[in-house]
Amino acid sequence: MAQANGLSTEGKSLIGTGDRPLRDNQSMSVATEVSLDGKTAVDTGLGWVNRYAALGPAFHTALPPQPLPAPYWVGQSRAVGRALGLPEDWTDSEDLLRALSGNRPLAGSQSVATVYSGHQFGVWAGQLGDGRALLLGETDGGLEIQLKGAGRTPYSRMGDGRAVLRSSIREFLCSEAMQGLGIPTTRALSVTGSDAPIRRETIETAAVVTRVAPSFIRFGHFEHFAAKDQPEELRRLADFVIDCYYPACRTSDRFAGNAYAALLEAVSERTATLLAQWQAVGFCHGVMNTDNMSILGLTLDYGPFQFLDGYDPAHICNHSDTQGRYAYGRQPNIAYWNLYALGQALLPLIGEQELALAALESYKTVFPAELEARLRAKLGLQQAEAGDRALIEGILKLLAQEHVDHTIFWRRLSHYAADSQATPVHDLFLDRVALDEWLRLYDARLAREDGKAATLMLGTNPKFVLRNHLGELAIRQARDKDFSGVAKLLALLETPYDEHPGHEAEAGFPPDWASSIEISCSS
Ligand code: AMP
Ligand code: MG
C-alpha cells in the first residue's frame with residue numbers, strides 16, 4: 001500500500017537495506033581462505049543455505065563461473081554490502097574481486113544456472129534459462145547472489161555467456177537508482193571489469209554484475225515446467241515460492257483455500273504495484289518478456305530501459321522493439337498479458353479456469369488504484385477528492401501534447417507548491433493559456449490541503465533519475481578506466497530526492513546528443 005510519501009517501501013523491506021542488524025562477522029575481513037578441490041575458495045564469513053539448488057537437477061545445472069582475466073572494480077555498492085552482511089572492508093578485497101569475477105569460488109556457494117522458458121515479444125520462445133547468469137547461492141540472510149556475465153552455460157544457446165561493460169554499468173546503476181526511488185528491484189553489489197574483448201556490434205570489453213535479490217525466479221520458470229508437462233516439478237516450484245516468499249497463501253481463505261490461486265493473486269497485486277511505480281516515475285523497462293518478470297514483483301533484467309525525458313505515452317526505449325510492443329504507455333497492459341501467461345502456467349495446479357481468472361482480476365483494481373494514489377502524491381494531495389482524477393488527466397494531457405520533460409516538470413511543480421512565484425514551471429510549456437487554466441484548478445485544490453503538499457512532493461518527485469545520457473557519460477569515462485563517474489552517479493541516485501547542491505547538471509535537461517543514443521537488446 002501507499003506510504004505517507006506515496007511510494008511503497010516494499011523494495012526496501014524485501015531486502016532490508018540498512019535496517020539489518022550488523023552481523024557478527026562485520027568486523028572480520030574477507031579472504032580467510034579455505035582450500036577446496038585445488039581452487040582456493042574465498043571466505044566472506046557469509047553463511048549459506050542454497051535452497052534453490054536443493055530443488056534438484058530438473059531445475060538447474062551445476063557449474064562453476066568462468067574466470068575473467070585481470071579483473072578490476074568498476075562500481076561497488078556499500079549499501080548492498082551491508083544488506084548482505086559483508087565485512088566493511090570488502091571493497092578493498094582482491095580476493096573478493098577475483099571471486100566476483102569468476103576466478104575463485106566463494107566458500108559455501110553452490111553455483112548453478114537455472115532453467116526457464118518464456119514468451120518473448122508476445123511469441124512463445126521455448127527454453128531459455130540463465131545463459132550468462134550463475135546463481136552462486138543463497139545466504140542465510142535470505143538473499144541470493146548471482147553473477148551476470150560469468151560465462152557460458154547449457155542455456156547460452158548462441159550467446160557467449162558474457163556481458164559488456166556498458167550494459168553492466170547501466171544495470172548496476174539502475175538497480176540502485178530504483179532502490180533509491182523506493183521501487184522494488186533486484187540489487188547490485190558490484191560491477192567488475194576486464195579487458196577481455198567481447199564481440200557485439202563492435203568489440204567491447206567484459207564485465208560481471210553481482211546481483212542480489214531474495215529470489216531471481218521469473219514467470220518463465222513456471223512456464224517452463226508447464227510447457228514441458230512436468231506437473232510434479234511445477235508443483236514443487238510453486239510450493240517452494242509459496243513457502244519461502246508467500247507463506248500467507250497457505251492459510252488464505254481466498255479461493256476456497258486454493259493456495260496456488262492465492263499465489264497468482266498475490267503476484268498480480270505485487271506486479272500491479274510495481275507497474276504503478278514505474279508509470280509514476282516514467283520508467284520504461286524495454287523488454288517485458290515473461291522471462292524478465294519477477295515472481296516477487298521486482299524490477300528485473302535491466303537492458304534497454306530508459307527514464308522518460310519528454311513525457312510521451314508512445315515512447316519506445318528499445319531500439320529492437322520495432323512494433324512498440326513495450327512502449328511506455330503499454331507497459332501496464334503488457335504486465336497483465338504476462339500475468340495471464342503465468343496464470344496459464346499455474347492452471348494445472350489451480351485446477352479451475354474460473355479461479356485463475358478471478359485471481360488475475362485483482363490486477364485490474366490494484367493497478368489503477370495504486371497509480372492514482374501515486375499520481376495524487378506527485379501532486380501533493382493527501383486526501384482523495386472526486387475531482388482529482390480530472391486534475392491528473394488534465395496535466396498528463398498537457399505533458400503529452402508538448403512532450404514536456406517528465407522529471408523536471410514534477411520537480412518544478414514540487415517547488416511551485418512551496419512557493420508559486422519561485423519556480424519557472426511556465427518555461428516548460430508553449431501553451432501557457434492551457435497551463436494557467438490547469439494551475440488555477442490546481443491552486444484551488446492545493447488550498448484544501450494542509451500545507452504539507454510541497455514536502456510530500458519533494459519526497460515523491462525525484463530530482464535525479466538515471467537518464468540515458470548520464471549513464472553514457474559514466475560509461476565513456478569507465479572505458480578510459482576512470483570510474484569516478486559511476487561512483488558519482490551512484491551517490492546521487494541512492495538519494496534521488498535530496499537536492500545535492502552542485503549537481504544541477506545531472507538534474508538538468510538532456511543534451512541534444514542524448515536523443516541519438518540507441519539502446520537495443522544487445523548487451
Ligand atoms: P535477455 O534479453 O537479456 O533477457 O536474455 C534472454 C535470454 O538470452 C536469456 O536466456 C539470457 O540468458 C540469454 N542471453 C542473453 N545474452 C546472452 C549472452 N551474451 N550469452 C548467453 N546467453 C545470453
Ligand atoms: Mg532476461
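Here a biologist asks a modeller how the labels given to parts of this predicted model are justified.

Biologist: Let's start with charged pairs. What makes Glu372 and Arg376 a salt bridge?

Modeller: Their closest N and O atoms are 3.0 Å apart. The cut-off is 4 Å between a side-chain nitrogen of Lys or Arg and a carboxyl oxygen of Asp or Glu, so the label applies. By this rule the count comes to 33 salt bridges.

Biologist: Where do Glu372 and Arg376 sit along the chain?

Modeller: Both are in helix 10 (residues 353-378), 4 residues apart, which is about one turn of the helix.

Biologist: And how do you know whether Glu372 and Arg376 are buried or exposed?

Modeller: Buried means under 20% relative accessible area. Glu372 has 17%, so Glu372 is buried. Arg376 comes in at 13%, so Arg376 counts as buried too.

Biologist: Okay, next pair. Why is the contact of Arg445 with Asp388 called a salt bridge?

Modeller: Same kind of check: the N to O distance is 2.7 Å, and the limit is within 4 Å, so this pair qualifies.

Biologist: How far apart along the chain are Arg445 and Asp388?

Modeller: They are 57 residues apart, so this pair links distant parts of the chain. Arg445 belongs to helix 13 (residues 432-446), and Asp388 to helix 11 (residues 388-402).

Biologist: What makes you call Arg445 and Asp388 buried?

Modeller: Arg445 has 3% relative accessibility and Asp388 has 1%. The bar is under 20%, so both get the label.

Biologist: Which other residue forms a salt bridge with Arg445?

Modeller: Glu449 does, with the closest N and O atoms 3.1 Å apart. Glu449 is buried, just as Arg445 is. There's a network of salt bridges here as well: it links Glu372, Arg376, Glu385, Asp388, Arg389, Arg445, Arg448 and Glu449.

Biologist: On to helices. Why is helix 15 called roughly antiparallel to helix 16?

Modeller: The axes of helix 15 (residues 468-479) and helix 16 (residues 484-494) cross at roughly 150 degrees and come within 7 Å. Angles over 145 degrees count as roughly antiparallel, so that's the name helix 15 and helix 16 get.

Biologist: Which residues meet where helix 15 touches helix 16?

Modeller: From helix 15 you have Leu470, Gly471, Ala474 and Gln477, and from helix 16 there are Ser484, Gly485, Val486 and Leu489. Sorted by class, this contact has 4 nonpolar, 4 polar and no charged residues.

Biologist: What makes Asn292 and Asp301 donors of the magnesium ion (ligand 2)?

Modeller: The donor atoms, OD1 of Asn292 and OD of Asp301, lie 2.0 to 2.1 Å from the ion. Donors need to be within 2.8 Å of this metal, so both pass. Asn292 and Asp301 are also buried.

Biologist: Why is Gln110 called partly exposed?

Modeller: Gln110 has a relative accessible area of 42%. Buried is under 20% and exposed is over 50%, so Gln110 falls in between. You'll find Gln110 in the loop between helix 3 (94-99) and strand 5 (112-114). Leaving out residues up to four places away in sequence, Gln110 touches Asn50, Ala53, Leu135 and Leu136.

Biologist: And how do you know that Gln179 is buried?

Modeller: Its relative accessible area is 7%, and the limit is under 20%, so Gln179 is buried. Gln179 lies in helix 4 (residues 165-181). The C-alpha atoms of Gln179 and Thr299 are separated by 9.8 Å, with their positions 120 residues apart along the chain.

Definitions and conventions:
Residues numbered from 1 in each chain as written. Chains lettered and ligands numbered in written order. Predicted model: local features only at pLDDT ≥ 70, side-chain atom pairs only at ≥ 80, totals over all residues. Heavy atoms only, no water. Helix = DSSP H or I, 4+ residues; strand = E, 2+ residues; numbered from the N terminus. Buried < 20%, exposed > 50% of the residue type's maximum accessible area, 1.4 Å probe, protein only. Axes fitted to C-alpha atoms, helices over the stretch in contact; angles between N-to-C directions. Parallel < 35°, antiparallel > 145°, perpendicular 65-115°, else oblique. Contact = heavy atoms within 4.5 Å. Nonpolar A, V, L, I, M, F, W, Y, C, P; charged D, E, K, R; others polar. Donors = N, O, S within 2.8 Å, 3.2 Å for Na, K, Ca; no water.
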